[in-house]
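Student: I should like to learn how to read the features of a structural model in an orderly way. Could we begin with strand pairing and proceed from there?

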Amino acid sequence: MDLLGGMYRYAIEGSCATRDMIFKETSPFVAYNGYLSKTSCGSVLQIWRVKRKTRGEQEEMHTVDIEVYMADIEKQQIVRVRTLGDYALFIGHNYTCCLSTQDYPRLLRNHVYFTDDDEYWLIDSKDNRRDVGILNLEDLSATDVVSPQPWLNWPIPVWITPSFNKIHK
């Protein structure tokens, strides 16, 4: 996905790669924090993250909103999704996924779990607080999931999803 919401398909044959736009650009502004995910039923979600930088003794980055849109590839339209229902989203620097809270009952339904992903903030301000938390899409309240120890801010946080299907007895 590009900075305006356009989605592309890449075809790789041998040493040649081609790129086709499969979904038009839909965002009215350049968004540096956009993500794609699929639900378990195959719907494509565009996720846009809104962050705010605080001023003060030490600058901090905070996620203040997350907008979720369902992309209809056939109609080339997006529709705002106000609730994830029984799903939870994970977004961040290395990974985006949508999981059913029915399959993973410890996850909070209609919540987005997020980690830092602003490349400039991560490198230029690596000693600053990390923006890691859980956002409730119902009331946009965020819970920080940040270590209070300043030495635990590097490397950047990432999501790890173990595959229990590959465990051999």
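**Reading strands, turns and cores**

Tutor: Let us begin with a single pair: Leu-36 stands opposite Gln-46 in E4. Please keep in mind that the model is predicted. Five bridges join E3 to E4, and these two strands run antiparallel.

Student: To which sheet do E3 and E4 belong, and in what order do its strands lie?

Tutor: The sheet is open and consists of four strands in the order E3-E4-E5-E6, with antiparallel pairing. Strand E3 (34-38) and strand E6 (77-81) stand at the edges with a single partner strand each, so one side of each has no neighbour in the sheet. On average, neighbouring strands of this sheet are turned by 35 degrees against each other, direction ignored.

Student: How many bridges does the pairing of E4 with E5 comprise?

Tutor: Strand E4 (residues 44-54) and strand E5 (residues 60-72) pair in the antiparallel sense over 11 bridges. Two positions help to fix the register: Ile-47 stands opposite Val-68 in E5, and the bridge partner of Val-50 in E5 is Asp-65.

Student: How many bridges join E5 to E6?

Tutor: Five bridges join E5 to E6, and the two strands run antiparallel. Here Asp-72 has Gln-77 in E6 as its bridge partner.

Student: What should one look for in the turns between such strands?

Tutor: The backbone angle phi is a useful guide. Most residues other than glycine have a negative phi. In the hairpin of E3 and E4, with five residues between the strands, Gly-42 takes a positive phi near 95 degrees. The hairpin of E4 and E5 also has five residues between its strands, and there Gly-56 takes a positive phi near 145 degrees. E5 and E6 form a hairpin with four residues between them, in whose turn Gln-76 has a positive phi of about 55 degrees.

Student: Where in the chain do Asn-110 and Leu-140 lie?

Tutor: Asn-110 is located in the loop between strand E8 (97-100) and strand E9 (111-114). Leu-140 is located in the loop between strand E10 (133-136) and strand E11 (142-144). Asn-110 has a positive phi of about 60 degrees although it is not a glycine. Leu-140, likewise not a glycine, has a positive phi of about 60 degrees.

Student: Is Asn-110 buried or exposed?

Tutor: The relative accessible area of Asn-110 is 6%. Buried means under 20%, so Asn-110 is buried. Leu-140, at 37% relative accessibility, counts as partly exposed.

Student: How does one proceed from individual buried residues to a core?

Tutor: One follows the side-chain contacts among buried nonpolar residues. The largest nonpolar core here has 14 residues, and those with the most contacts inside it are Ile-47, Ile-66, Val-68, Leu-89, Ile-91, Val-112 and Leu-137. E4, E5, strand E7 (87-91) and E9 each supply at least two residues of this core. Apart from it lies another core, of six residues, among them Phe-90, Cys-97, Tyr-113 and Ile-134.

Student: Which residues does Val-112 contact beyond its neighbours within four places in sequence?

Tutor: Val-112 is in contact with Ile-66, Leu-84, Leu-89, Ile-91, Gly-133, Ile-134, Leu-135 and Leu-137, once its neighbours within four places are left aside.

Student: What can be said of Tyr-113, which lies in strand E9?

Tutor: Tyr-113 counts as buried, at 10% relative accessibility. Setting aside neighbours within four places in sequence, its contacts include Ala-88, Leu-89, Arg-106, Leu-108 and Trp-159. The C-alpha atoms of Tyr-113 and Leu-89 are separated by 6.1 Å, although the two residues are 24 apart along the chain. A polar atom of the Tyr-113 side chain lies 2.9 Å from the backbone nitrogen of Leu-108.

Student: How many helices and strands does the chain have?

Tutor: The chain has one helix and 11 strands. From the N terminus on, its elements run β-β-β-β-β-β-β-β-β-α-β-β.

Student: Which totals describe the chain as a whole?

Tutor: Buried residues make up 38% of the 169 residues in the chain. Among contacts with a separation of 6 or more, residues 24 or more positions apart account for 43%. The chain exposes about 11100 Å², of which carbon and sulfur atoms supply 52%.

How values were computed: Residues numbered from 1 in each chain as written. Predicted model: local features only at pLDDT ≥ 70, side-chain atom pairs only at ≥ 80, totals over all residues. Heavy atoms only, no water. Pairing = 2+ DSSP bridges. Axes fitted to C-alpha atoms, helices over the stretch in contact; angles between N-to-C directions. Buried < 20%, exposed > 50% of the residue type's maximum accessible area, 1.4 Å probe, protein only. Contact = heavy atoms within 4.5 Å. Areas by Shrake-Rupley, 256 points an atom, 1.4 Å probe, with all protein chains shown as cover. Polar contact = N/O pair within 3.5 Å; in protein donor to acceptor, adjacent residues only side chain to side chain. Core = buried A, V, L, I, M, F, W, Y, C linked by side-chain atoms within 4.5 Å.
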